[in-house]
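Here is a set of short exercises to work through with the model open beside you. Try each task before you read its solution.

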Amino acid sequence: MSSTLTDTNSTTNQKTDKHKSRRRIAREFVLQGIYQWRVAGGTANFIEQQLRESEEFKHVDEKHFANLLQGVLKDVEGLERCIQPCLDRPLNELSPVEFAILLLSTFELMHYLEIPYRAIINEAIELARTYGGSDGYKYVNGVLDKLAIQLRAVEIAAPRMSRNQV
């Protein structure tokens, strides 16, 4: 995963990297950190320190990065309990990339109510397209749509209510 992120950032996507937001880059680093934790283990603090040593880290929204990484890794069990009912298989059968994206996005849906749920889902889809398997983004999208209905019911219902009131 580390080399994938580095290769993508340093060569093939130099033009598109200039257009990535600091939060998008933060999410990429968080994805890398969760992936590392899932595959190799380690503490949140150790993983965070390693990621901060990257040359590309200077482009990151550091506060968002730290809050996401620390928050996700502190509450993996709670996030897994929230995600599992929306899956068609056990969480441990997901690819490490899909697993990491779902943890990250579920945490954002739960704790970052100021970010529209559609923006969170779109970011997750982009991460899955870039780093996941060929159709992993479709799976991630389906799972997050189900989670958004549960976690952001008021936000999802708001546009419908305003259309009905007009």
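**Exercise 1: a charged pair**

Task: find the acidic partner of Lys138 and say how exposed the two residues are.

Solution. Start at the side-chain nitrogen of Lys138: it forms a salt bridge with Asp135, and the closest N and O atoms are 3.6 Å apart. That fits the cut-off, which asks for a side-chain nitrogen of Lys or Arg within 4 Å of a carboxyl oxygen of Asp or Glu. Next, check exposure: Lys138 is partly exposed, with a relative accessible area of 48%, and Asp135 is partly exposed too, at 45%. On this scale buried means under 20% relative accessible area, exposed means over 50%, and partly exposed is in between (1.4 Å probe, protein chains only).

A word on the ground rules before going on. This is a predicted model, so local features need pLDDT of at least 70 and side-chain atom pairs count only at pLDDT 80 or more, while totals for chains, interfaces and linings use all residues. Residues are numbered from 1 along each chain as its sequence is written, and side-chain values use heavy atoms, with hydrogens and water left out.

**Exercise 2: the overall layout**

Task: how many helices and strands does the chain have, and what share of its residues is buried?

Solution. Count the secondary structure elements to get 10 helices and 0 strands. These are DSSP runs numbered from the N terminus (helices: H or I, at least four residues; strands: E, at least two). Read along the sequence, that gives the pattern α-α-α-α-α-α-α-α-α-α. Then turn to burial: of the 166 residues, 45% count as buried. Finally, take the contacts (heavy atoms within 4.5 Å). Of those with a separation of 6 or more, 70% come from residues 24 or more positions apart.

**Exercise 3: rings in a cluster**

Task: work out which residues are linked into a cluster by ring pairs.

Solution. A search of the whole structure finds 3 aromatic pairs. Rings of Phe, Tyr and Trp (its six-membered ring) pair if their centres lie within 6.5 Å; planes under 30 degrees apart count as stacked, over 60 as edge-to-face and the rest as tilted.

- Step one: the ring centres of Phe29 and Phe57 are 5.4 Å apart and the planes are at 85 degrees, so this pair is edge-to-face.
- Step two: place the partners. Phe29 is in helix 3 (residues 22-40) and Phe57 is in the loop between helix 4 (44-52) and helix 5 (62-74), so to speak 28 residues apart along the chain.- Step three: move on from Phe57 to Phe65, where the centres are 5.0 Å apart and the planes are at 80 degrees, which makes this pair edge-to-face as well.
- Step four: check accessibility. Phe29 is buried at 2%, Phe57 is buried at 5%, and Phe65 is buried at 0%.

Put together, Phe29, Phe57 and Phe65 are linked into a cluster by ring pairs.

**Exercise 4: more charges**

Task: which residue forms a salt bridge with Arg23, and where is that partner in the chain?

Solution. The partner is Asp61, with the closest N and O atoms 3.4 Å apart. Arg23 belongs to helix 3 and Asp61 to the loop between helix 4 and helix 5, 38 residues apart, and the pair links distant parts of the chain. Arg23 is partly exposed, at 31% relative accessibility. For another pair, try Glu55 and Lys58, whose closest N and O atoms are 3.0 Å apart in a salt bridge; both residues are exposed. The whole structure holds 12 salt bridges, and Arg24, Arg27, Glu108 and Glu123 are linked in a network of them.

**Exercise 5: a buried arginine**

Task: is Arg152 buried or exposed, and which side chain makes a polar contact with its side chain?

Solution. First locate Arg152, in the loop between helix 9 (136-151) and helix 10 (153-165). At 3% relative accessibility, Arg152 is buried. Its side chain makes a polar contact with the side chain of Glu155, at 2.5 Å. Such a contact is a pair of N or O atoms within 3.5 Å; within protein, one must be able to donate a hydrogen and the other to accept it, and residues adjacent in sequence count only if both atoms are side-chain atoms. Leaving aside residues up to four places away in sequence, Arg152 touches several others, including Glu108, Tyr112, Pro116 and Leu147.
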